[in-house]
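Welcome, and thanks for taking a look at this one. Here is a short briefing to read alongside the sequence and the model.

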Amino acid sequence: MFKIELSGSPIHTLSVICILVPRKCSVIGCRGNYEPRKGESADVNKVSVFRFPKDDQKKNEWLRKIPQDLLPGDITDDMVVCEKHFEQRFIIRDYVYPQPDGSAFTCPCDSPALDTEAVPTLFPNTPKYLSSPLPPKRKAPEERRAEVAARDEKRLRDWMDSDTINGFDDFAANVSDKSSSMRTEWMIVNKSDLVLFVLLVNITSSLYGGP
Ligand SMILES: [Zn+2]
């Protein structure tokens, strides 16, 4: 950590405000992540959202499941579908790590993820006929356990991969994403051959204890 010392007068201070706005659900009529209406609580529409799958086949499956009336005219890569449209069994909210003694270590995900089999089938606030819950799939317990273990292993691997820095170029390219949870007072200056983390300090306050 370092502090920028400025001399001379007048002393200028600069505030950087960074607000991350969660994406709104793309399903027409759904208010996922929309501003609350008057009188509603602040987090009434707060939801987790999921991007469309990158795999074309899976993406088309999603598009087939969402009623045409509820899809915008243009399908873009920025579109997201919120958790209200998925059965709970498809939403992964915890990492589960099986332990050698047969128990399992669980910790909550930073943000929920979707099971690879997930498709949007629920469309609340629309006529019932538009929703088409999938019939529950019955799998042998061993098959299900093996799938869960493989899935958790893959998620752990993906998480470790996503947290690995492969050289400066990789670091510089991803530093903005990785630092989104940093305090907003920090500013990132990304040049071709260096990345600066700058903490702006209100020197007037520091010196005189003012606001
Ligand atoms: Zn939604």
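Let's begin with the contacts across the chain: among those between residues at least 6 apart in sequence, 55% join residues at least 24 apart. Please keep in mind that this is a predicted model. The protein chain has 211 residues, of which 10% count as buried. Its secondary structure comes to four helices and six strands, and from the N terminus on the elements follow the order β-α-β-β-β-α-α-β-β-α.

**Confidence**

- The protein chain has a mean pLDDT of 79, with 75% of its residues at 70 or more.
- Where is confidence lowest, and where is it highest? Helix H4 (residues 203–208) has the lowest value, a mean of 65, while S2 has the highest, at 96.
- Residues 1–6 have a pLDDT below 50, and this stretch makes six contacts in the model beyond near neighbours in sequence.

**The nonpolar core**

- In soluble globular proteins, nonpolar side chains tend to be buried together.
- Here, the largest nonpolar core has 16 residues, and Cys25, Val27, Val49, Val81 and Cys82 have the most contacts inside it.
- The elements that give two or more residues to this core are S1 and strand S2 (80–82).
- Which residues does cysteine 25 contact, leaving aside its neighbours within four places in sequence? The partners are Cys30, Gly32, Asn33, Val47, Val49, Val80, Val81 and Cys82.

**Asparagine 33**

- One of those partners of cysteine 25, Asn33, lies in the segment before strand S1 (49–51).
- Most residues other than glycine have a negative phi. Asparagine 33 is not a glycine, yet its phi is positive, at about 70°.
- Is asparagine 33 buried or partly exposed? Asparagine 33 has 17 other C-beta atoms within 10 Å, so it counts as partly exposed; burial would take 20 or more.

**The S3–S4 hairpin**

- Strand S3 (residues 91–98) and strand S4 (residues 104–114) run antiparallel and are joined by seven bridges.
- Two of the pairings can be followed residue by residue: tyrosine 97 has phenylalanine 105 of S4 as its bridge partner, and isoleucine 92 has alanine 113 of S4.
- The hairpin has five residues between the strands, and glycine 102 in this hairpin takes a positive phi near 95°.
- Why does S4 lie largely in the open? Of the eleven residues of S4, the number buried is zero, so the strand lies largely in the open.

**Aspartate 94**

- Aspartate 94 sits in strand S3 and counts as partly exposed because it has 13 C-beta neighbours inside 10 Å, where 12 or fewer would make a residue exposed.
- Leaving aside neighbours within four places in sequence, aspartate 94 is in contact with Thr106, Cys107, Pro108 and Cys109.
- Aspartate 94 and serine 111 are 17 residues apart in sequence, and their C-alpha atoms are 9.1 Å apart in space.

**Helix H2 and arginine 155**

- Does the length of H2 (residues 141–162) fit what its residue count leads us to expect, and what is the span? At 1.5 Å a residue, its 22 residues should span 32 Å, and the end C-alpha atoms are 31 Å apart, which agrees.
- H2 is hardly covered, with a count of zero buried residues among its 22 residues.
- Arginine 155 lies in H2 and is partly exposed because it has 16 other C-beta atoms within 10 Å.
- Not counting residues up to four places away in sequence, arginine 155 touches Tyr95 and Ala113.
- Arginine 155 and tyrosine 95 are 60 residues apart along the chain, and 8.0 Å separates their C-alpha atoms.
- Ala113 also appears in the hairpin above, as the bridge partner of isoleucine 92 in S4.

**The S5–S6 hairpin**

- Strand S5 (residues 186–190) and strand S6 (residues 195–199) run antiparallel, with five bridges joining them.
- How many residues does the hairpin use to join S5 to S6? The connection runs through four residues.
- In S6, valine 195 is the bridge partner of asparagine 190.

Note on methods: Residues numbered from 1 in each chain as written. Predicted model: local features only at pLDDT ≥ 70, side-chain atom pairs only at ≥ 80, totals over all residues. Pairing = 2+ DSSP bridges. Contact = placed C-beta atoms within 7 Å. Core = buried A, V, L, I, M, F, W, Y, C linked by C-beta atoms within 7 Å. Expected span 1.5 Å × (residues − 1). pLDDT = per-residue confidence, 0-100.
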